Amino acid sequence: MTPPPQTPSPHALLHGITLERMMNELVEHFGWEALAGRINLRCFALDPSVSSSLKFLRKTPWAREKVETLYLHMRHTIG
């Protein structure tokens with residue numbers, strides 16, 4: 001009997017994708033204003049930049065999780 005296929009965990013889907021790559025793709029796809037509308041973070045709304053966002057996201061696990069979730073949703077939608 002063949003075991004049922006396993007659904008990969010979200011972390012497995014992000015394997016090899018850097019936070020910087022995620023941010024660049026999200027900004028390219030949504031733009032800063034729409035990104036700030038989807039994830040309410042000051043680093044996305046006030047004088048946004050990838051480098052300042054990366055500094056914040058690397059120190060803030062709950063915010064990084066929101067970015068990862070949005071990235072996976074975006075990739076699933078356009079993928």
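The exercises below, each with a worked solution, concern a predicted model of one protein chain.

**Exercise 1. Describe the overall make-up of the protein chain: its helices and strands, its buried share and its surface.**

Step 1. The protein chain has six helices and zero strands. Along the sequence this reads α-α-α-α-α-α.

Step 2. Of the 79 residues in the protein chain, 33% are buried.

Step 3. The accessible surface is about 5800 Å², and carbon and sulfur atoms account for 54% of that surface.

Step 4. Take the contacts between residues at least 6 apart in sequence: 55% of them join residues at least 24 apart.

**Exercise 2. Find which residues touch the most other members of the largest nonpolar core, and which helices supply the core.**

Step 1. The core has 22 residues, and those touching the most other members are Met23, Leu26, Leu35, Phe44, Leu57 and Val67.

Step 2. At least two core residues come from each of α2 (19-30), α3, α4, α5 (50-59) and α6 (61-78). The largest contribution is that of α2, with six residues.

Step 3. Look at Leu26 in detail. Leaving aside residues up to four places away in sequence, Leu26 touches Gly31, Leu35, Val67, Leu70, Tyr71 and Met74.

**Exercise 3. Examine α2: state its span, its buried residues and what covers them.**

Step 1. The 12 residues of α2 reach 16 Å from first C-alpha to last, close to the 16 Å expected at 1.5 Å a residue.

Step 2. Buried in α2 are Leu19, Met22, Met23, Glu25, Leu26, Val27 and Phe30. The list includes Glu25.

Step 3. The cover over these buried residues includes α3, α4, α5 and α6.

Step 4. After α2 comes Gly31, with a positive phi near 85 degrees.

**Exercise 4. For α5 and α6, work out where the buried residues lie around each helix axis.**

Step 1. In α5 the buried residues are Val50, Ser53, Leu54 and Leu57. Seen down the axis they fall within an arc of 100 degrees, so they line one face of α5.

Step 2. Lys55 and Lys59 are exposed on the face of α5 turned away from the buried side. The buried residues of α5 pack against α2, α3, α4 and α6.

Step 3. α6 has 18 residues and reaches 26 Å from its first C-alpha to its last, close to the expected 26 Å. Its buried residues are Ala63, Val67, Glu68, Leu70, Tyr71 and Met74. They cover an arc of only 165 degrees around the axis, which puts them on the same side of α6.

Step 4. The other side of α6 carries the exposed residues Pro61, Trp62, Glu65 and His76.

**Exercise 5. Classify the aromatic pairs in the structure.**

Step 1. There are two aromatic pairs. A pair of rings is described by the distance of the centres and the angle of the planes.

Step 2. For Trp32 and Phe44, the ring centres are 5.8 Å apart and the planes are at 50 degrees, so the pair is tilted. Trp32 belongs to helix α3 (residues 32-38) and Phe44 to helix α4 (residues 42-45), and the two are 12 residues apart.

Step 3. For Phe56 and Trp62, the ring centres are 6.5 Å apart and the planes are at 85 degrees. Planes over 60 degrees apart count as edge-to-face, so this pair is edge-to-face.

Step 4. Add the burial of one ring from each pair. Phe44 has a relative accessible area of 1%; buried means under 20%, so Phe44 is buried. Phe56, at 28%, is partly exposed.

Conventions:
Residues are numbered from 1 along each chain as its sequence is written. This is a predicted model: local features need pLDDT of at least 70, side-chain atom pairs count only at pLDDT 80 or more; totals for chains, interfaces and linings use all residues. Side-chain values use heavy atoms; hydrogens and water are left out. Helices (H or I, at least four residues) and strands (E, at least two) are DSSP runs, numbered from the N terminus. Buried means under 20% relative accessible area, exposed over 50%, partly exposed in between (1.4 Å probe, protein chains only). Contact means heavy atoms within 4.5 Å. Accessible areas come from the Shrake-Rupley method with a 1.4 Å probe; for residues, only the protein chains shown count as cover. Rings of Phe, Tyr and Trp (its six-membered ring) pair if their centres lie within 6.5 Å; planes under 30 degrees apart count as stacked, over 60 as edge-to-face and the rest as tilted. A nonpolar core is a set of buried Ala, Val, Leu, Ile, Met, Phe, Trp, Tyr and Cys residues joined through side-chain atoms within 4.5 Å. The expected span of a helix is 1.5 Å times one less than its number of residues. The arc is that of the directions from the helix axis to the C-beta atoms.
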